Amino acid sequence: MTVTSLRDGYVDMPIRRLRQPGNIVFGDKLPSQVALVDGALRLSVNAFAIDDGDDITLIDTGASNAWHPTMGHLPEALREAKIAIDRVRTIAFTHTHLDHIHGLILADGRDGFPQLTRLLVPRLELGMFRAEARLERFHSRAQPFDAGQRVSAHIETIAAAGHEVGHTCFRVMSENETLLIWGDIVHVPSLQFDRPEITWEFDADQEQARTSRLQILGLAASNGCYVAGAHLDSPGVGRVSRTETAFRFEPL
Ligand SMILES: [Zn+2]
């Protein structure tokens, strides 16, 4: 099995998106460890292709031209990785935010994946997905899945709600190795491994997002598995270890 990290681009976000417990912004007391680019938080936007030898399953699709113009490079990333789009038969979403779903349709309006046969959307976000007018021709093709469900011989889903109501991680298993493709468990890697209590303005439920992050970080650290994050610095793959008080990311 081969997993490829595909960089759709990046998005710059103001530091006020970071939230301390109680939904409090940092103001001018931002921890010095936070990495900034021109005063902003730069989030890589990554999707992951899982090739099991037969078909390719794509986890998330980037933003296409639906959000900031710094994203939408998934087609180039696929070309660079020599992944034929016709081999992508299954797409599964970690959740239905803009930077994860809009790559279904290219900027010019054509389908991003002409041979797509399965489009898996978290059941609790089916309504949100079907509210995206730009993706209208995919609304009826969406197949809901539940957390805890196996979506293929090698991929099972793990509930990690909070960032969004149906936010899901995908556990990919190959012989003795496991990779946890965890979506938006971490938005700001320079801060949230060390301070996992810090949440993100766009977390639909801040408390639940915090709980899920702690749970998934703990799981990754205990299992020693690889993790892959939608907003970890590209390529966004590595391992998680425990520190005395929190966690640390060890990029691959
Ligand atoms: Zn995201």
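**Figure 1. Burial and overall dimensions of the predicted model.** Of the 252 residues of the protein, 51% count as buried in this predicted model. The secondary structure consists of five helices and 15 strands. The radius of gyration is 17 Å, close to the 18 Å from the globule rule for 252 residues, so the protein is as compact as a globular protein of that length. The C-alpha trace spans about 50 × 40 × 35 Å along its principal axes. Among contacts with a separation of 6 or more, 67% are made by residues 24 or more positions apart. The accessible surface comes to about 11,200 Å², and carbon and sulfur atoms hold 48% of that area. The protein has 25 positive and 33 negative charges, and the mean positions of these two sets are 1 Å apart.

**Figure 2. The largest nonpolar core of the protein.** This core has 24 residues. Ile91, Leu104, Leu119 and Phe129 have the most contacts inside the core. Two or more residues each are given by strand 3, strand 4 (56–59), helix 1, strand 5, strand 6 (118–122) and helix 3 (126–129). Helix 1 provides the largest share, with three residues.

**Figure 3. Surroundings of Leu119.** With neighbours within four places in sequence left aside, Leu119 is in contact with Ile91, Phe93, Leu104, Phe129, Phe138, Arg141, Ala142 and Gln143. Of these partners, Ile91, Leu104 and Phe129 are named, along with Leu119, as the residues with the most contacts inside the largest nonpolar core. Apart from this core lies another, of 19 residues, and among its members are Leu180, Val186, Val227 and Leu232.

**Figure 4. Trp182 and the residues it touches.** Trp182 is in the loop between strand 11 (177–181) and helix 4 (189–192). Its relative accessibility is 0%, so Trp182 counts as buried. Residues up to four places away in sequence are not counted in the following list: Trp182 touches His167, Cys169, Phe193, Ile216, Leu217, Val227, Ala228, Gly229, Leu232 and Val240. Val227 and Leu232 also appear among the members of the 19-residue core. From Trp182 to Ile15 the C-alpha to C-alpha distance is 23 Å, and these two residues are 167 residues apart in sequence.

**Figure 5. The cis peptide bond between Ser234 and Pro235.** Most peptide bonds are trans. The bond that joins Ser234 and Pro235 is cis, with omega of about 5°. Pro235 is placed in the loop between strand 13 (226–228) and strand 14 (237–242).

**Figure 6. Positive phi at Asp38.** Most residues other than glycine have a negative phi. Asp38, which is not a glycine, has a positive phi of about 50°. Asp38 belongs to the loop between strand 2 (18–19) and strand 3 (41–51). With a relative accessibility of 80%, Asp38 counts as exposed.

**Figure 7. Positive phi at Lys82.** The phi of Lys82 is near 55°, a positive value in a residue other than glycine. The loop that holds Lys82 runs between helix 1 (74–80) and strand 5 (88–92). Lys82 has a relative accessible area of 75% and is exposed. Helix 1 and strand 5 are also among the elements that give two or more residues to the largest nonpolar core.

Conventions
Residues are numbered from 1 along each chain as its sequence is written. This is a predicted model: local features need pLDDT of at least 70, side-chain atom pairs count only at pLDDT 80 or more; totals for chains, interfaces and linings use all residues. Side-chain values use heavy atoms; hydrogens and water are left out. Helices (H or I, at least four residues) and strands (E, at least two) are DSSP runs, numbered from the N terminus. The radius of gyration is taken over C-alpha atoms; the globule rule is 2.2 Å times the number of residues to the power 0.38. Buried means under 20% relative accessible area, exposed over 50%, partly exposed in between (1.4 Å probe, protein chains only). Contact means heavy atoms within 4.5 Å. Accessible areas come from the Shrake-Rupley method with a 1.4 Å probe; for residues, only the protein chains shown count as cover. Lys and Arg count as positive and Asp and Glu as negative; His and the chain ends are not counted. The place of a charge is taken as NZ of Lys, CZ of Arg, CG of Asp or CD of Glu. A nonpolar core is a set of buried Ala, Val, Leu, Ile, Met, Phe, Trp, Tyr and Cys residues joined through side-chain atoms within 4.5 Å.
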